[in-house]
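User: I'd like to go through one helix and its surroundings with you, and then step back to the whole chain. Can you pull up the structure?

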Amino acid sequence: MSTRKLLSTTHFHPIPLIVRNSIQLVQNCTTPPNPPFIPKGPSVLATTLIKSYFGKGLIGEARTLFDEMPERDVVAWTVMIAGYTSCNNHTHAWMVFCEMMNEELDPNAFTISSVLKACKGMKCLSYGRLVHGLAIKHGLDGFIYVDNALMDMYATCCVSMDDACMVFRGIHLKNEVSWTTLIAGYTHRDDGYGGLRVFRQMLLQEEVELNPFSFSIAVRACTSIGSHTFGEQLHAAVTKHGFESNLPVMNSILDMYCRCSCFSEANRYFYEMNQRDLITWNTLIAGYERSNPTESLYVFSMMESEGFSPNCFTFTSIMAACATLAFLNCGQQIHGRIIRRGLDGNLALSNALIDMYSKCGNIADSHQVFGGMSRRDLVSWTAMMIGYGTHGYGEEAVELFDKMVRSGIRPDRVVFMAILSACSHAGLVDEGLRYFKLMVGDYNISPDQEIYGCVVDLLGRAGKVEEAYELIESMPFKPDECVWGPFLGACKAHTFPNLGKLAAHRILDLRPNMAGTYVMLSNIYAADGKWGEFARLRKLMKRMGNKKETGRSWVEVGNHVYSFVVGDEVGSKIEGIYQVLENLIGHMKESGYVPDLDCLIYDLEDGT
């Protein structure tokens, strides 16, 4: 059957008029046809692949592919600079930028902003200023990406915020990144008041869109100045602007309450949170570790019961809690879990383990952890030195210090405090004085009040009280309680009444904050029979609300820690404890021991 015959059959249905009009309208339309598919060139594909390599951390592959590209435009160079910067290889990013400039290619705004991030990462102000000049030369200083990156670089690399503020004031249309960068600049240099001042200005700008990150930084500013009042106001602002369900903002508020010691608010806020992640739990655990380590362990058990797996930050806080409580058995169990999780090579965890074993009285295990470390930083050496010092191993601490210096690590102020304290407790006066001179002469570290206090304690413990006084008189600034306190103790221990009275008067002029200093002073007056002065100091303590923290001792028996205070009458085994104590007193008397009661003046009224 022919086509003509088929078309002439009675079964043919003509096209409706409305359809024919629509087809005619389309045919008469002047819209050009779809453009033909043009495949991307090899340079574009290679650039995209380089970006993908950096995203997966394959830095070597990205560089190899870049070197093999026959033609490299500014986009390819910018991707290399940004890729190195994102992987924290800031020096390589700078070198690539220098190669690009040698190729006489003009950078664009993204090139400049990327290399400015590298300058910030290197903390190299001179490079940053050079790039700023290039941005002005190429007319790129008006781009918001460039201006925000310039502000961030200056805020990080300069000694003040003046240059960053100058760039900020020159931005005509500031966006939320501009404001947040300036707030972060103030906050990261511990100027919380400056950060909050800028944040307040940001809130008054109607054209600026608020974002969760700006609130998080502002909350951190409150944390840095320890102001829970400002923090509570920010908490209300977070709720007002609808960010109360943003988890990073919620975590920052929780951290603020913990660091401001508002644990009732922190606890209430934690249980009100409709979602929590591992950072949430770590924040609360770390907060309690600093104030109530027992509660920190309880929160840790709660976290695991809800199915969260601890990470290195969790274990670090838990190890610190065990160290504070001297829970050796608990610390050993956590150590075992760290090994099973394959985290025993983590540097921060190893440092925490050294500190935990030392504070729990197991210096041998501290040494074992230290010796097994494949890599050590300044904290590792310092923790081990402090451990040796507190256990009376002064010679080992001295040997460790010398070994650290030979390994190429430069000691800081904390290290010198550790070695001076170790020498003091071990009676190594000459070695301690040598390190004091070494600190000032070879390392140009100016001694502060605490360092002078360590040297005074070193001399005082060895009975060189007059030399200690000469050192105090030669100090370039007025000594405070950290210096006069050890000196007063030395005067009392080695019977220097005249110098002791002088130290007592100097301390009283300072109106000391430490209750222990008042107690020592009042006991000296009591031992000298000056009961009027003794009563006056005790009344002063009571009026100031200053009370010496009660001494506490504890022992771990059968996976349980028992703690004791003077006059304690509460406990399941208190009768047996007092029976043992009476036996010990009997043995002491039989051996002829005569206690020194001068240092045990006890005030029943305030329990000190």
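Analyst: Before we start, a word on terms: helices here are DSSP runs of at least four residues, numbered from the N terminus. Please also keep in mind that this is a predicted model.

User: Fine. Which residue just after H15 takes a positive phi?

Analyst: That is serine 261, which follows just after H15 and has a phi of about 60°.

User: And how many residues does H15 itself have?

Analyst: H15 has 13 residues, running from 247 to 259, and its first and last C-alpha atoms lie 18 Å apart, which is close to the 18 Å expected at 1.5 Å a residue.

User: What happens at the start of H15?

Analyst: There, a side-chain oxygen of asparagine 246 comes to within 3.2 Å of the backbone nitrogen of valine 249.

User: Is H15 mostly covered or mostly open?

Analyst: Mostly covered, since ten of the 13 residues in H15 count as buried. Among them are Leu247, Val249 and Met250 towards one end, as well as Met256, Tyr257 and Cys258.

User: What covers them?

Analyst: The cover over the buried residues of H15 includes four helices, namely H13 (212-225), H14 (228-240), H16 (263-272) and H17 (278-291).

User: Why does serine 252 count as buried?

Analyst: Serine 252 counts as buried because its relative accessible area is 14%, and the cut-off for buried is under 20%. This serine sits in H15, and, leaving aside residues up to four places away in sequence, serine 252 touches Ser216 and Val219.

User: Now the whole chain. How many helices and strands?

Analyst: The chain has 33 helices and two strands. Of its 608 residues, 41% are buried, and the accessible surface comes to about 34,200 Å², with 55% of that belonging to carbon and sulfur atoms.

User: What share of the contacts is long-range in sequence, say 24 or more positions apart?

Analyst: Among contacts in the chain with a separation of 6 or more, 59% are between residues 24 or more positions apart.

User: What is the mean pLDDT?

Analyst: The mean pLDDT of the chain is 85, and 85% of the residues reach 70 or more. Over residues 1-16, however, the pLDDT is below 50, and that stretch has three contacts in the model beyond near neighbours in sequence. Residues 601-608 also have pLDDT below 50, with 17 contacts in the model beyond near neighbours in sequence. Where pLDDT is low, the predicted coordinates should not be read in detail.

Terms used
Residues numbered from 1 in each chain as written. Predicted model: local features only at pLDDT ≥ 70, side-chain atom pairs only at ≥ 80, totals over all residues. Heavy atoms only, no water. Expected span 1.5 Å × (residues − 1). Buried < 20%, exposed > 50% of the residue type's maximum accessible area, 1.4 Å probe, protein only. Contact = heavy atoms within 4.5 Å. Polar contact = N/O pair within 3.5 Å; in protein donor to acceptor, adjacent residues only side chain to side chain. Areas by Shrake-Rupley, 256 points an atom, 1.4 Å probe, with all protein chains shown as cover. pLDDT = per-residue confidence, 0-100.
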